[in-house]
Amino acid sequence: MSLSGKSQIYGLLGDPVAHSLSPLMQNHAFQTHHIDAVYVPFHVLSNHLQAAVSGLRALHVAGVNVTIPHKEAILPLLDQIDSAAQLIGAVNTVVNQAGALIGYNTDASGFMRAVRQELDFKPEGRDVLLLGAGGACRAAAVTLAAAGVKSIVIANRHSSRAEKLISELIPHFISVQFAAVDYNHNDYLEVLSAADLIVNTTSVGLHGEEINFLPLEHIKGSALIYDMIYSLSETPLIKSARAMRLLCTHGLGMLAAQGEDAFFLWTGVRLPTGFMRQFLLQAKCK
Ligand code: NDP
């Protein structure tokens, strides 16, 4: 990588950031497309987020990704928020447009591209079950509702969080049937067996733990399973689902697709489909 006096700076704001695959993916894309730019991880603690955002302005940083725990906290610090990101209530990509910091959410668009491409999911008229009710769930729910699914049921450990999320979404998507369900309630197994797409948006599996609230034996054979947890090999959920011959995949494709969408927002260059996923899979083999 050779930098010049005109090199553009991009980066990632988060805590932690050391594990992130984004610097690898984005720098590969810049190099492949001969763009004079570099992407660096910025380890930003929550009490320094405001100063970090001021720093982006002062240093003319061209754009950043935002990750845990700043995706929601950064909203009031930006100049403008894209309407989908506003509805989701979270920003994972910031574009510095001539000094104005504009927030977007490419987790949502990345998720939808990944389920369409990798699982051949066609949202129109489908019944979806989302496990979890955090930021990742909000991104999935908004993009699935906008794409025309028939129903979205949200199951969460703390069911009040699922209920709150649903009450916020209902006014925006009146043609979608929303419901919250408790993992311990009888209705849960009924919803599970009817779902066309089941998405794990919880953080369970991140450290190799099994999901004990998703009894795969109740899922219909045609259902698709998406695990937002990503791995360069397999996640525990995907390992179990594959053993039962269920159609499933994990979040590496979403990670790659959200990165491709961020790259497009920053540079105007649309990477070929699967560009970053392919790169990550190759990097794993090295
Ligand atoms: P949040 O912290 O906002 O939400 C975490 C969710 O997990 C909550 O619903 C929480 O339930 C649930 N949860 C945590 N521990 C347990 C448990 N032991 N049992 C049951 N439920 C549990 O995180 P995000 O929504 O931002 O992210 C969730 C996951 O999605 C992360 O692990 C992240 O890696 C992944 N992700 C992947 C992306 C990709 O590109 N592949 C992009 C974005 C996120 P409760 O509300 O009850 O606490």
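**The ligand site and three notable backbone features**

In this predicted model, the ligand is surrounded by 23 residues, and the closest of them are Ala-136, Asn-156, Arg-157, His-158 and Arg-161. A good way to get to know this shell is to look at its chemical make-up. Its residues divide into 10 nonpolar, nine polar and four charged.

Several polar atoms of the ligand can be matched with partners on the protein. On the side-chain side, an N or O atom of Arg-157 lies 2.8 Å from an oxygen atom of the ligand; Arg-157 is also among the closest residues named above. The backbone takes part as well. A polar backbone atom of Ser-203 is 3.3 Å from an oxygen atom of the ligand, while a polar backbone atom of Gly-251 is 3.0 Å from a ligand nitrogen. Taken on its own, the ligand has 930 Å² of accessible area, and the protein covers 80% of this.

Readers looking for the site in the structure may start from the pockets, where the ligand takes up the space of the largest one. Two helices stand out in the surrounding shell: α5 (135-146) and α9 (252-267) are the elements that give two or more residues to it. Ala-136, one of the closest residues, falls within the range of α5. Viewed by domain, the shell draws on both parts of the chain, with at least three residues from domain 1 (8-105 + 254-285) and at least three from domain 2 (108-250).

Attention now turns to the backbone, where two cis peptide bonds and one positive phi angle are worth finding. The bond that joins Asp-15 and Pro-16 is cis, with an omega of about 5°. Pro-16 has its place in the loop that runs between β1 (8-14) and α1 (22-32). Another cis peptide bond leads from Ile-68 to Pro-69, and here omega is near 5°. Pro-69 is found in the loop between β3 (63-66) and β4 (80-81).

The remaining feature concerns His-60, a residue other than glycine whose phi is positive, with a value near 55°. His-60 also belongs to a loop, in this case the one between α2 (49-58) and β3. Strand β3 is thus a handy landmark for the eye: the loop with His-60 lies between α2 and this strand, and the loop with Pro-69 lies between this strand and β4.

Conventions. Residues are numbered from 1 along each chain as its sequence is written. This is a predicted model: local features need pLDDT of at least 70, side-chain atom pairs count only at pLDDT 80 or more; totals for chains, interfaces and linings use all residues. Side-chain values use heavy atoms; hydrogens and water are left out. A residue is near a molecule or strand if one of its heavy atoms lies within 4 Å of it. A polar contact is a pair of N or O atoms within 3.5 Å; within protein, one must be able to donate a hydrogen and the other to accept it, and residues adjacent in sequence count only if both atoms are side-chain atoms. Accessible areas come from the Shrake-Rupley method with a 1.4 Å probe; for residues, only the protein chains shown count as cover. On a 1 Å grid over the protein atoms alone, a cavity is a set of points where a 1.4 Å probe fits but cannot get out, and a pocket is an open set with protein on both sides within 12 Å along at least five of seven lines; lining residues have an atom within 4 Å of a point. A molecule sits in a cavity or pocket if more than half of its atoms lie within 2 Å of its grid points. Helices (H or I, at least four residues) and strands (E, at least two) are DSSP runs, numbered from the N terminus. Ala, Val, Leu, Ile, Met, Phe, Trp, Tyr, Cys and Pro count as nonpolar, Asp, Glu, Lys and Arg as charged, and the others, Gly among them, as polar. Domain bounds come from an automatic or database domain assignment.
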